[in-house]
Amino acid sequence: MILYLAPLQGYTEAYFRNAYSKYFDSFDHAIAPFISSGRGDTIKPTRIRDLLHENNHKMPVDPQIIGKYAPEFIPLARHLYDYGYKTLNINMGCPIVSIAQKMRGSGLIAYPEVIEMLLEKLFSEVQNEISIKIRLGFYEKDEIKSLMPLLNKFPLKELIVHPRLGSHMYQGTPDLDAFEWCVKKSKAPVVYSGDIFSVEAMEVLRAHFPKQEKWMIGRGVIYDLFLPWEIKHGPMKKTDKQELFPLFHQALLEEVMNYRSRSRNQLNKMKEYWGYFSRQFENYQEIHFKLTRTETLDEFVELSGKLMKTEPWRNRPIIDRPMSE
Ligand SMILES: Cc1cc2nc3c(=O)[nH]c(=O)nc-3n(C[C@H](O)[C@H](O)[C@H](O)COP(=O)(O)O)c2cc1C
């Protein structure tokens, strides 16, 4: 089994990938949160900051670009290739309406002619291997059905499928029949993405798709840091989790502090994570509330340290607050 860390803008940037891979060996690979394509041939280091080698210590990662026009992809693709990133992932999944309306992310799927121009140019003008991360469509799942013959004309490295519609955002459940269709019809190897929130959910999916080798986990690892490890290695003792969590937390804090210069931003980022981390604890609402009231990073560090030592843990984290883009 090969496990990919999903791109989650705001959560799975280099600071998380580094801290995570320091304590857990569970992910084989990651796709970085998207960078926007754009005009201009010069690529400033700030634009690819998440991908700079000095910010990426361990977990192998592929960059992702969102956009629609080849001339806006090519300078960035070439720059990333020369810098050492041999594979480029294209985002055809983002459901955010303001993005999709501009024919980007999942809003691009309904336009095979635009995708054809993009892929033709990329395959002829850049050396990067190309993979795509895609939903079923924006409004209709037939969108991917119409697109597949075109995708099959190109030697794509991989097709990562989150089997939902963009217009559904994160509602309902992934459409497993549609995913099965993609596996049957795609010439490129297919990776599954969507709603792997527990070991049991993973088992159900594996029973459904016994030949499927590559799986991607996104929100599941933020809800439950230990999930990918447990999927790969079996149950982890609660006492081991209680020991590991403060170590990981410290590493994450240090990474966030290195990455973000203003202490207000560092504090806000850690608070955001705790919206999910708190769910490992019995008194999760109270814990989250108390942490959101801290006003300085010092106050936050002191309180989170105390809570991690004293608060009782649940057997399973509560997963009741949908995380969305
Ligand atoms: C907050 C958030 C940010 C996301 N950012 C990206 C992104 O930058 N690129 C992308 O392809 N998908 C992005 N996604 C989609 C995820 O990669 C993933 O496909 C989706 O969440 C379903 O998988 P999951 O249920 O394992 O999270 C994002 C999702 C969320 C919730």
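What follows is a conversation about helix packing and the largest pocket in a predicted model.

Colleague: I have the structure open. How are the axes of H2 and H4 placed?

Modeller: Start with the distance between axes, then look at the angle. Helix H2 (residues 70-83) and helix H4 (residues 112-125) have axes that come within 10 Å and cross at roughly 30°. Angles under 35 degrees count as roughly parallel, so H2 is roughly parallel to H4. The crossing of these two helices is right-handed.

Colleague: Which residues in H2 meet which residues in H4?

Modeller: On the H2 side you will find Ala-70, Phe-73, Ile-74 and Arg-78, and they meet Leu-118, Lys-121, Leu-122 and Glu-125 in H4. Sorted by class, this contact has 5 nonpolar and 3 charged residues, with no polar ones.

Colleague: Now to H10 and H11. At what angle do their axes cross?

Modeller: The axes of helix H10 (residues 238-259) and helix H11 (residues 263-277) cross at roughly 150° and come within 9 Å. Angles over 145 degrees count as roughly antiparallel, and H10 and H11 are therefore roughly antiparallel to each other. As with any pair, check the handedness too: H10 passes H11 in a right-handed crossing.

Colleague: What meets what there?

Modeller: From H10 come Phe-245, Phe-248, His-249, Leu-252, Leu-253, Val-256 and Met-257; their partners in H11 are Gln-266, Lys-269, Met-270, Tyr-273, Trp-274 and Phe-277. By class, that contact divides into 10 nonpolar, 2 polar and 1 charged.

Colleague: How does H11 pack with H13?

Modeller: H11 and helix H13 (residues 297-310) pack at an angle of about 25°, their axes 10 Å apart. These two helices are therefore roughly parallel to each other, and H11 passes H13 in a left-handed crossing. In H11, Gln-266, Leu-267, Met-270, Lys-271 and Trp-274 meet Leu-297, Phe-300, Ser-304 and Met-308 in H13. The residues of this contact are 6 nonpolar, 2 polar and 1 charged.

Colleague: Let's turn to pockets. What volume does the largest pocket have?

Modeller: With a pocket, begin with the volume and then go to the lining. The largest pocket has a volume of about 530 Å³. Its lining holds 30 residues, and the closest to the pocket centre are Pro-7, Leu-8, Lys-133, Tyr-170 and Glu-325.

Colleague: Which elements give two or more residues to that lining?

Modeller: Look for strand E6 (87-92), strand E7 (129-134), strand E10 (214-217) and helix H8 (219-223), each of which gives two or more residues to the lining of the largest pocket.

Colleague: And how does the lining divide by class?

Modeller: The lining of the largest pocket has 15 nonpolar, 10 polar and 5 charged residues.

How values were computed. Residues are numbered from 1 along each chain as its sequence is written. This is a predicted model: local features need pLDDT of at least 70, side-chain atom pairs count only at pLDDT 80 or more; totals for chains, interfaces and linings use all residues. Side-chain values use heavy atoms; hydrogens and water are left out. Axes are lines fitted to C-alpha atoms, for helices over the stretch in contact, and angles run from 0 to 180 degrees between N-to-C directions. Helices (H or I, at least four residues) and strands (E, at least two) are DSSP runs, numbered from the N terminus. Angles under 35 degrees count as roughly parallel, over 145 as roughly antiparallel, 65 to 115 as roughly perpendicular and the rest as oblique. A crossing is left-handed if the near helix is turned anticlockwise from the far one by less than a right angle, and right-handed if clockwise. Contact means heavy atoms within 4.5 Å. Ala, Val, Leu, Ile, Met, Phe, Trp, Tyr, Cys and Pro count as nonpolar, Asp, Glu, Lys and Arg as charged, and the others, Gly among them, as polar. On a 1 Å grid over the protein atoms alone, a cavity is a set of points where a 1.4 Å probe fits but cannot get out, and a pocket is an open set with protein on both sides within 12 Å along at least five of seven lines; lining residues have an atom within 4 Å of a point. Grid points are joined across faces, edges and corners, and a volume is the space filled by probe spheres set on the points.
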